[in-house]
Amino acid sequence: MKNVLVLGAGLVARPLVRYLLDQPDLEVTVASRTVSKAEALIGGRPRGRALAFDIVKDGDTLGALVAQSDLAISLLPYIYHVQVAEQCVRHRRHMVTTSYVKEAMQALDGAAREAGVILLNEIGVDPGIDHMSAMRIIDRVHRAGGQIAHFRSYCGGLPAPEANTNPFGYKFSWSPRGVLLAGRNDARYLENGQIVEVPNSRLFATRHTVPINGVGDLVAYPNRDSLPYRDLYGIPETRTIYRGTLRYPGWCETWQAFVELGLLDLTGRDDLAGLTWRQLIARLIGKPEAKDVRGELATHLGLSRNSAVLDRFEWLGLLSDEPLPAAPTILDALAVPMEARLSYEPGERDMLVLLHDFIAEYPGRTEHITSTMVDFGIPHGDTSMARTVSLPAAIATRLILEGRINLTGVHIPVRPEIYEPVLDELEQMGIRVEEHVEV
């Protein structure tokens, strides 16, 4: 019997914990700051154990928890993954996480190899299923003597069409603060051999329409730095590499306004107390005494007074006399009304959309290859976001403990011994990536 330590019991944890508890040779310890959440995930299963654990307050006991396990899964905020990884290397235990590899994590590669353990990162959906489904195509093209000339990849977690019931076209299926923080990123990609740099100030203005079969037109904007994926995916030959985030139309225009106004600011502020949202917006546009804040905001942003962007501000309460919530920064204050108003109602489904678009060149011919996944949540059950993030990690955990993934060091799932069995099992669960080739 082997023991898996799951650190964190947040929005995406349930499918992972239930999958692991369904394995007859695994025991699962879920350690969470809120022990009742861990207990709910375990649901009284005999091989499950819930522990109260706060990595900020109880960090000195992390090593002991790791040492008692065979593998640790970190579902904590990304800033704690390296702390967990260091303990895994120290105690010669494997680690799995769904988050991006940061520089400090990559720096542990040599130590992990020496310790004989794998630190498997980016084994979720984006990153995760996107890597695996892309690499399956890339490796196949290369084996057939082709090259990847252009590659564009898009992913988005959205409400299912019937649940798209608010002006933003979005509802939270993961951390609201995480969504807002992602809106602060710069981006970079390669287009026809030219590097395109996108500062955060233009992130949401750099957008284009992407049609998705069965869904309709969505809008994409660039996701972080795409350039490293030439090397990570082994396609130095490509002339285009672009990774984008998908949203329903209207999202980007509103978020561009958020950025321009400073609503995603993380500067500590002690002057927010006692302000209303209307007063804050008036200050941000330099018109603290304005009576017609909507009109002044329209002028400041270069929009019509009747703009749908301003309608979304009104709907969210940002032009109201509602007091600001107690929060250390403007971004944290904004997260409060967004979470309250952009939440799923009971029984509503979310939707995960993933699209890869390749141009592959062979001697004498060209292929246009698309790979599409449209996955829906289960009404009154697990969200698609939870399933597609956590089940790849759960499957990989089992494969590592069974010795079927026999690698050491810091990895992401771009090798066939990882992506082939994980994608095959996901397909058995109904999480399918459909490929289409046009010559």
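## Worked exercises: odd backbone spots, helix pairs and a pocket

Start with arginine 92, which sits in the loop between α4 (81-90) and β5 (94-97). Keep in mind as you go that this is a predicted model.

**Exercise 1. Work out what is unusual about the backbone at arginine 92 and at the bond from aspartate 126 to proline 127.**

Solution. Begin with the background: most residues other than glycine have a negative phi, and most peptide bonds are trans. Now look at arginine 92: its phi is near 55°, a positive value in a residue that isn't glycine. Next, take the peptide bond from aspartate 126 to proline 127, which is cis, with omega near 15°. Finally, place proline 127: it falls in the loop between β6 (118-120) and α7 (129-143).

**Exercise 2. Describe how α1 packs against α15, from geometry down to residues.**

Solution. Two packed helices are described by the angle between their axes and the distance between the axes. For α1 (residues 13-21) and α15 (residues 384-401), the angle is about 30° and the axes are 7 Å apart. The handedness comes next: this crossing is right-handed. Then list who touches whom. From α1 you get Pro15, Leu16, Tyr19 and Leu20, and they meet a set in α15 including Ala386, Arg387, Ser390 and Leu391. Sort the contact residues by class and you have 9 nonpolar, 2 polar and 2 charged.

**Exercise 3. Classify the crossing of α12 and α13, then say what their contact is made of.**

Solution. First, the numbers: the axes of α12 (residues 293-301) and α13 (residues 308-316) come within 11 Å and cross at roughly 135°. That angle makes α12 oblique to α13; the cut-off for roughly antiparallel is over 145 degrees. Handedness: the α12 and α13 crossing is right-handed. Now the residues. On the α12 side are Arg294, Leu297, Ala298 and Leu301, facing Leu310, Asp311, Phe313 and Glu314 of α13. Split by class, that contact has 5 nonpolar, no polar and 3 charged residues.

**Exercise 4. Do the same for α11 and α14.**

Solution. Here the axes of α11 (residues 277-284) and α14 (residues 330-341) come within 13 Å, crossing at roughly 140°. So α11 is oblique to α14. The handedness of this pass is left-handed. As for side by side partners, Trp277, Leu280 and Leu284 in α11 contact Ile330, Ala333, Leu334 and Pro337 in α14. The class count is quick: 7 nonpolar, no polar and no charged.

**Exercise 5. Characterise the second largest pocket: its volume, its lining and the elements behind it.**

Solution. Volume first: the second largest pocket comes out at about 450 Å³. It is lined by 19 residues, and those closest to its centre are Tyr100, Val101, Glu122, Tyr229 and Leu232. Which elements give two or more residues to the lining? They are α9 (229-232) and β15 (409-411). To finish, break the lining of the second largest pocket down by class: 8 nonpolar, 4 polar and 7 charged.

Technical notes: Residues are numbered from 1 along each chain as its sequence is written. This is a predicted model: local features need pLDDT of at least 70, side-chain atom pairs count only at pLDDT 80 or more; totals for chains, interfaces and linings use all residues. Side-chain values use heavy atoms; hydrogens and water are left out. Axes are lines fitted to C-alpha atoms, for helices over the stretch in contact, and angles run from 0 to 180 degrees between N-to-C directions. Helices (H or I, at least four residues) and strands (E, at least two) are DSSP runs, numbered from the N terminus. Angles under 35 degrees count as roughly parallel, over 145 as roughly antiparallel, 65 to 115 as roughly perpendicular and the rest as oblique. A crossing is left-handed if the near helix is turned anticlockwise from the far one by less than a right angle, and right-handed if clockwise. Contact means heavy atoms within 4.5 Å. Ala, Val, Leu, Ile, Met, Phe, Trp, Tyr, Cys and Pro count as nonpolar, Asp, Glu, Lys and Arg as charged, and the others, Gly among them, as polar. On a 1 Å grid over the protein atoms alone, a cavity is a set of points where a 1.4 Å probe fits but cannot get out, and a pocket is an open set with protein on both sides within 12 Å along at least five of seven lines; lining residues have an atom within 4 Å of a point. Grid points are joined across faces, edges and corners, and a volume is the space filled by probe spheres set on the points.
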